[in-house]
Amino acid sequence: MSDLPILYSFRRCPYAMRARIGLLEANIKVELREIILRDKPQHMLELSPKATVPVLLLPNGTVIDESLDILLWALNQNDPNKLLTADPKTTNKLIEQTDSSKDSHFKHHLDRYKYATRYNNDDTQTSQQTTALTARIAAETFIQTLETLLTDHQFLLANNPTLADYAIAPFVRQFANSGREWWNAAPYPNTQKWLEAFIASPTFQTIFQKFPLWQPGNSPLHFPT
Ligand SMILES: N[C@@H](CCC(=O)N[C@@H](CS)C(=O)NCC(=O)O)C(=O)O
């Protein structure tokens, strides 16, 4: 067995981004196994039958298969950039509004905005546009929450990035990319600036580099390099 943790990951998945950000910020080296979602490796499915990325296997056999748990596990080992300094209760509440499975939350609306066709049996274009628009408007409640927080400081909970910024920004990036023209003209200047800074940051640039697809027998790819 490898003496490094193994991370099953998918480059564009916002949950997997969280895991890679945590490992990078904590400077924990792993063997990164880039997968595609429609063809998941057997070993990953054996480790985590729920079959979502990210999945982290520690050398002692422990499996962590929730993105936030991986992010927290990594930062609890090593947190040189003090990402864990914001109030945990406020942090958790904000992150929960992003990706809880409850249907009032941001991810729920984001999915319907991004993939309106998947959530709509009526495949007329007007009907899909209505689904997307309704979802976008619902998602904007959360964006407005971020916008208000960002009037007080440069990042969501402080003047430096904390856990909440890194846990949430990958999802806001997806939201912005789902309608770039609209986003660029939308009335959320603080959030637009915050997102741009995230995308330009060395952290994002490092975790978003292209990784070759993993196949059993490949020589291991280390991350961070
Ligand atoms: N609650 C999980 C959610 C992870 C998740 O849903 N990941 C997506 C990709 S972004 C996935 O693997 N979906 C399975 C699939 O599409 O087959 C976490 O936070 O890690």
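This passage looks at how two domains meet and how one helix is packed. The structure is a predicted model, so local features need pLDDT of at least 70 and side-chain atom pairs count only at pLDDT 80 or more, while totals for chains, interfaces and linings use all residues. Residues are numbered from 1 along each chain as its sequence is written.

The protein splits into domain 1 (6-81 + 208-223) and domain 2 (83-204), with bounds taken from an automatic or database domain assignment. Their centres, taken over C-alpha atoms, sit 23 Å apart. Where they touch, domain 1 puts in 12 residues and domain 2 puts in 11; contact here means C-beta atoms, placed from the backbone, within 7 Å. On the domain 1 side, helix 1 (14-26) and helix 3 (67-77) each give two or more residues, and helix 1 gives the most, with six. Helices are DSSP runs (H or I, at least four residues), numbered from the N terminus.

Now for helix 4 (residues 88-99). Its 12 residues should span 16 Å at 1.5 Å a residue (times one less than the number of residues), and its end C-alpha atoms are 17 Å apart, which agrees. Buried in this helix are Thr91, Leu94, Ile95, Thr98 and Asp99. They cover an arc of only 115 degrees around the axis, so they lie on the same side of helix 4; the arc is that of the directions from the helix axis to the C-beta atoms. The buried residues pack against helix 3, helix 5 (106-114) and helix 7 (163-177). Lys89 and Lys93 are exposed on the face turned away from that buried side. Buried means 20 or more other C-beta atoms within 10 Å of a residue's own, exposed means 12 or fewer, and partly exposed is in between, with C-beta atoms placed from the backbone.

Conventions
Two residues are in contact if their C-beta atoms, placed from the backbone, lie within 7 Å.
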